[in-house]
Amino acid sequence: MERDWPANKEGRDAHLLAVLQLVSTKSGVEFDATADVWTYRDGVNNVYLDFNQLPNSSREFRESAKSVLSWYAENRSPNHLRNMFDRLQHFLRASTRCRIPYDHMVACETGAGGSGTNLSW
């Protein structure tokens with residue numbers, strides 16, 4: 001489904017909440033995707049995602065993550081949804097420990113910066 005986003009921030013926030021509210025999984029379980037904690041039982045799987053546990057994330061980022069993960073809740077298995085949430089959590093933890101300057105990322109991605117660009121992890 002393609003979504004048209006309003007131009008101003010207040011409009012985007014209101015639109016995001018309206019789009020998210022009630023999500024239905026592949027097996028028909030419904031839950032409120034705007035909640036900070038998603039908890040439901042889908043078949044034999046218990047789903048528990050606490051968006052407040054995403055480290056160093058803004059409210060806007062968490063709302064965006066809910067929007068993306070709601071698609072996984074609707075179209076993929078509960079285990080896959082949980083895995084995507086766990087990977088996002090891991091990425092946020094790792095990115096706060098290892099800061100790479102933006103210009104270095106662009107240089108590595110585009111091949112700019114000549115042969116002298118040497119980033120070690």
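**Serine 57 and its surroundings in a predicted model**

Leaving aside residues up to four places away in sequence, serine 57 touches Arg62 and Leu92. This is a convenient place to enter the structure, which is a predicted model. Serine 57 sits in the loop between E4 and H2. With a relative accessibility of 14%, this serine falls under the 20% limit and therefore counts as buried. Its side chain also reaches back along the chain, coming to 2.9 Å from the backbone oxygen of leucine 54. Leucine 54, in turn, is among the residues with the most contacts inside the largest nonpolar core.

Before going further into that core, a brief look at the whole protein is helpful. The protein contains 4 helices and 4 strands, and these follow one another along the sequence in the pattern α-β-β-β-β-α-α-α. Of the 121 residues, 28% are buried. Among contacts with a separation of 6 or more, 45% are between residues 24 or more positions apart. Confidence varies along the chain: the average pLDDT is 79, and 63% of the residues score at least 70. E4 has the highest confidence, at 97, whereas helix H4 (residues 102–110) has the lowest, at a mean of 51. Where pLDDT is low, the predicted coordinates should not be read in detail.

The largest nonpolar core consists of 17 residues, and those with the most contacts inside it are Phe31, Trp38, Leu49, Phe51, Leu54, Leu69 and Leu81. Two strands and two helices each give two or more residues to this core: E3 (37–42), E4 (45–50), H2 (59–75) and H3 (78–97). Such a grouping fits a familiar picture, as nonpolar side chains in soluble globular proteins tend to be buried together. Leucine 49 gives a good view of how these parts come together. Not counting residues up to four places away in sequence, leucine 49 touches Asp36, Val37 and Trp38, and also Leu81, Arg82 and Phe85.

Another aromatic residue, phenylalanine 61, lies in helix H2. At 32% relative accessibility, phenylalanine 61 counts as partly exposed. Beyond the residues up to four places away in sequence, phenylalanine 61 touches Leu88 and Leu92; Leu92 is also touched by serine 57. Between phenylalanine 61 and phenylalanine 51 there are 9.9 Å from C-alpha to C-alpha, for a pair 10 residues apart in sequence.

The strands E3 and E4 run antiparallel and are joined by 6 bridges. Within this pairing, aspartate 42 stands opposite asparagine 45 of E4. The hairpin has 2 residues between the strands, and glycine 43 adopts a positive phi near 65 degrees there. The two faces of E3 are readily told apart: Trp38, Tyr40 and Asp42 make up the covered face, while Val37, Thr39 and Arg41 make up the uncovered one. In a regular strand the side chains alternate between the two faces of the sheet.

Charged side chains supply a further set of links, with 3 salt bridges in total. In one of them, lysine 66 meets aspartate 36 with N and O 2.9 Å apart. Lysine 66 belongs to helix H2 and aspartate 36 to the loop between strand E2 (30–32) and E3, so this salt bridge ties together parts 30 residues apart in sequence. The two partners differ in their surroundings: lysine 66 is buried, at a relative accessible area of 0%, whereas aspartate 36 is partly exposed, at 35%.

Lysine 66 also forms a salt bridge with glutamate 63, where the closest N and O atoms are 3.2 Å apart. Because they are 3 residues apart in helix H2, lysine 66 and glutamate 63 are separated by about one helical turn. Both of these residues are buried.

Helix H3 holds a salt bridge of its own, between arginine 82 and aspartate 86, with the closest N and O atoms 2.8 Å apart. These residues are 4 apart in helix H3, so about one helical turn separates them. Arginine 82 is partly exposed, with a relative accessible area of 33%, and aspartate 86 is partly exposed as well, at 22%. Salt bridges with shared partners also bring Asp36, Glu63 and Lys66 into one network. As for arginine 82, it is also one of the residues touched by leucine 49.

How values were computed:
Residues numbered from 1 in each chain as written. Predicted model: local features only at pLDDT ≥ 70, side-chain atom pairs only at ≥ 80, totals over all residues. Heavy atoms only, no water. Core = buried A, V, L, I, M, F, W, Y, C linked by side-chain atoms within 4.5 Å. Buried < 20%, exposed > 50% of the residue type's maximum accessible area, 1.4 Å probe, protein only. Contact = heavy atoms within 4.5 Å. Pairing = 2+ DSSP bridges. Polar contact = N/O pair within 3.5 Å; in protein donor to acceptor, adjacent residues only side chain to side chain. pLDDT = per-residue confidence, 0-100. Salt bridge = Lys/Arg side-chain N within 4 Å of Asp/Glu carboxyl O.
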